[in-house]
Amino acid sequence: MDKNMANRACCDLDIRDYYTKAPVMRVDFCNTTTYGFNSDAVFARRNGSKYIKFESPLEGNIDITFQVHPFKVYSLLNGGQVLTDAIIVRRENITASTNGTLILQHSPIMGSVFVYTEDDFTGQEIQGSVAGNTFIAQTTSDIKSGQTYTVGYLENKAEDVKRIAFNNRNYSSAYYIQMMTENKDEYGNNIGMRLIAYKCYPKRELEINFSSDDSPAEITMSFECFQDEDGNIMDMVALDEDEDNQEDIWINFATGTLETYSPTYYIQNGYLLQNEVKENGY
């Protein structure tokens, strides 16, 4: 006899590449997770009344909502590509050490440097040229030693930066997703639950509201779920075990190496090793 159970625990998501099943991301920071499907029906009518029913194909969806999150989560919307360069706007107040020149803090993109007196940013431009990260005034007397100037320019930064590009050249990938949570039955036992979506594509839509006097920014991402090559769309699985006891260890077939999310184990030089457990449990 099935036991009655209830849920009050947000799901964690294990997102894997649909084709290789290689892990892509562990999502354990959501505030709400939604799993559902629908199938509209159409009817042939007889004398104006519904008479014969025709089922439409099942359509599934997953929504995740979060506030605290890693930057990488946005790469789900562009196929997982995270770049290591970006064009950065710079605005600096620089005090001249010699007449006629200013030393910029970063290397500018040629043609992007604009220099103004400190209190006249975007006003009367001081003409000059740039060599490396040094601005040389066309008229030496325009830059006086000991005086501060405001400089605006663009930098092509290639270190300590991550960029996720959204454009019409890269698209979101297909993913296999398992959502993990725990139900509690009427006797107080925890029942592990898995919600499986066999083939999902993230919707290419994103809206973030930044506010200085409201709640922290909340982001919602949605996935559309489709039928895979075996006809699977979505499953619900009940496990007679706690989800917290599951150890995630796998082979990444793309690299041929072991990988794990488990706090119990770690990978070193291709070997699976167990973390040391001290007498006090830490």
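## Strands S11 and S12

Strands S11 and S12 (residues 134-137) run antiparallel and are joined by four bridges. One residue pair shows the register: Ala131 has Thr134 in S12 as its bridge partner. This is a predicted model.

S11 and S12 belong to an open sheet of three strands. The strand order is S9-S12-S11, and the pairing is antiparallel. S9 (101-103) and S11 (128-131) are the edge strands, each pairing on one side only. From one strand to the next, the twist averages 20°. In general, the strands of a sheet pair through backbone hydrogen bonds, in a parallel or an antiparallel sense.

## The sheet of S8, S13 and S10

Another open sheet of three strands has the order S8-S13-S10. Its pairing is antiparallel. The edges are S8 (86-95) and S10 (114-117), and each of these strands pairs on one side only. Here the twist averages 20° from one strand to the next.

S10 pairs with S13 (residues 148-157) in the antiparallel sense, over four bridges. Within this pairing, Thr117 has Tyr149 of S13 as its bridge partner.

## Glu155 and Arg90

Which side chain makes a polar contact with the side chain of Arg90? The partner is Glu155, at 2.8 Å. Arg90 lies in strand S8, while Glu155 sits in strand S13. Is Glu155 buried or exposed? Glu155 counts as buried because its relative accessibility is 9%, and the cut-off for buried is under 20%.

Both residues have further contacts. Leaving aside neighbours within four places in sequence, Glu155 is in contact with Ala86, Ile87, Ile88, Arg90, His106, Ser107 and Ile109. With residues up to four places away in sequence not counted, Arg90 touches His106, Val151, Gly152, Tyr153, Glu155 and Lys157. His106 is among the contacts of Glu155, and Arg90 also touches His106.

## The S5-S6 hairpin

S5 and S6 run antiparallel, joined by six bridges. Phe43 has Lys53 in S6 as its bridge partner.

Where does Asn47 lie? Asn47 is in the loop between strand S5 (41-46) and strand S6 (49-55). The hairpin has two residues between the strands, and Asn47 takes a positive phi near 55° there. Most residues other than glycine have a negative phi. Asn47 is not a glycine, yet its phi is positive, at about 55°. Asn47 counts as exposed because its relative accessibility is 77%, and the cut-off for exposed is over 50%.

## Thr122 in the S10-S11 loop

Thr122 also has a positive phi, near 75°, and is a residue other than glycine. Thr122 lies in the loop between S10 and S11. S10 is an edge strand of the S8-S13-S10 sheet, and S11 is an edge strand of the S9-S12-S11 sheet. The Thr122 loop therefore runs between edge strands of these two sheets.

Is Thr122 buried or exposed? At 60% relative accessibility, Thr122 counts as exposed.

Methods. Residues numbered from 1 in each chain as written. Predicted model: local features only at pLDDT ≥ 70, side-chain atom pairs only at ≥ 80, totals over all residues. Heavy atoms only, no water. Pairing = 2+ DSSP bridges. Axes fitted to C-alpha atoms, helices over the stretch in contact; angles between N-to-C directions. Buried < 20%, exposed > 50% of the residue type's maximum accessible area, 1.4 Å probe, protein only. Contact = heavy atoms within 4.5 Å. Polar contact = N/O pair within 3.5 Å; in protein donor to acceptor, adjacent residues only side chain to side chain.
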